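Me: I would like to learn how to read a protein structure, one feature at a time. Could we go through this one together?

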Amino acid sequence: MDNKLLIGIVPRDCGELICNAAKSAGAGGGTIAMGKGTATNGILQLLGLGDSSKDIVYIIVDKSIKDSVCTAIKTAAAEKKAHFGVMFTLNVPDFIRAGHLDDQNSTKSNTPQGEKTMNAENTYQMINVIVNKGYAEDAMAAARKAGAGGGTIIGARGTAKEDDAAFFGMKIVPEKEMLMILVPADKKEDIVNAIKALPCFSQAGSGIIFCNEAQDFTVLGKN
């Protein structure tokens, strides 16, 4: 299955608007993290991302419905003020749901023949883990044992309703945690497998993992 990660950045308390529009077009539930815009006034007028509270919406959709989902979101947002927010998508070659591991024994993506593959020697992967509140530290501890350095935990909330749970595979627990771990590409599979092996991840609906290639990676600060 070819998936896309849809990310929307909108004013605080508007994340549900984006998720509801996406679900009307066939998407499952999403996750909303709290953020804060820091753009200058000039950029604010262009993107609507000034110094104010924001909802950051994460929704994974099948590639086949990505366009219809984006259209539904744009239609819903068109009723709001100008420069309401921004939206973009990322490729998600690896998508794993807790409790559905029998058919996911490998985290390697099925790259079509002839398509350029990643060079593990000079690329990094962002491993994203969304779990019910209280389990992100366990996931990070397992990742460290498998070779990861540090990670970042973001407080978030779920948006799925009871009738959406079976589709997205996430239990209806409002409080979520999103763990972001940046690792060299050659360590990604070991780290993901270590997280998958956690007892808390064996129960269906307890979390998801998805990975993206990180481009233009650099370490900030003095050399």
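Me: Let's begin with strand pairing. In β3, which residue is the bridge partner of L6?

Reply: The bridge partner of L6 in β3 is I59. Strands of a sheet pair through backbone hydrogen bonds, either parallel or antiparallel. Two strands count as paired if DSSP finds at least two bridges between them. The strand names come from DSSP too: helices (H or I, at least four residues) and strands (E, at least two) are its runs, numbered from the N terminus. Before we go on, please keep in mind that this is a predicted model: local features need pLDDT of at least 70, side-chain atom pairs count only at pLDDT 80 or more, and totals for chains, interfaces and linings use all residues. Residues are numbered from 1 along each chain as its sequence is written, and side-chain values use heavy atoms, leaving out hydrogens and water.

Me: How many bridges join β1 and β3, and in which sense do they pair?

Reply: Nine bridges, in the antiparallel sense. Strand β1 (residues 3-11) is also antiparallel to β4, with seven bridges between them. One of the matched pairs there is L5 with L90 of β4. On β3 you can also find strand β2 (residues 31-36), paired antiparallel over six bridges, where G35 has K54 of β3 as its bridge partner.

Me: What is the order of the strands in the sheet?

Reply: Read across the open sheet of nine strands, and you get β4-β1-β3-β2-β7-β8-β6-β9-β5, with antiparallel pairing. At the edges stand β4 (86-92) and β5 (94-97); each has a single partner strand, so one side of each has no neighbour in the sheet. From one strand to the next, the twist averages 25°. For angles, axes are lines fitted to C-alpha atoms, for helices over the stretch in contact, and the values run from 0 to 180 degrees between N-to-C directions.

Me: Which strands does helix α3 touch?

Reply: Helix α3 (residues 66-77) packs on the sheet and touches β1, β3 (53-62) and β4, with its direction at about 165° to that of β4. Contact here means heavy atoms within 4.5 Å. Helix α4 (residues 136-145) packs on the sheet as well, touching β6 (124-132), β7 (152-158) and β8 (175-184), and its direction makes about 15° with that of β8.

Me: Now for the inside. Which residues have the most contacts inside the largest nonpolar core?

Reply: In soluble globular proteins, nonpolar side chains tend to be buried together. A nonpolar core is a set of buried Ala, Val, Leu, Ile, Met, Phe, Trp, Tyr and Cys residues joined through side-chain atoms within 4.5 Å. Buried means under 20% relative accessible area, exposed over 50%, and partly exposed in between (1.4 Å probe, protein chains only). The largest core in this model has 21 residues, and I127, I181, I195 and I209 have the most contacts inside it. Two or more residues each come from β6, α4, β8, α6 (188-196) and β9 (207-214). The most come from α4, which gives five residues. Leaving aside neighbours within four places in sequence, I181 is in contact with several residues, including I127, M140 and I195. Apart from this core lies another, of 18 residues, among them A21, I59, V69 and I73.

Me: What covers the buried residues of α1?

Reply: The cover includes β1, β2, β3 and α3. The buried residues of α1 are G15, I18, C19, A21, A22 and K23. Strand β3 is mostly covered too, with seven of its 10 residues buried.

Me: How should I read a phi angle, and what is the phi of D13?

Reply: Most residues other than glycine have a negative phi, and most peptide bonds are trans. The phi of D13 is near 70°, a positive value in a residue other than glycine. D13 lies in the loop between β1 and α1 (15-24) and is exposed, with a relative accessible area of 60%. Just after α1, G26 takes a positive phi of about 110°.

Me: How many disulfides does a search of the whole structure find?

Reply: Zero. A disulfide is a pair of cysteine sulfur atoms within 2.5 Å. Two of the cysteines, C14 at 16% relative accessible area and C70 at 11%, are buried.
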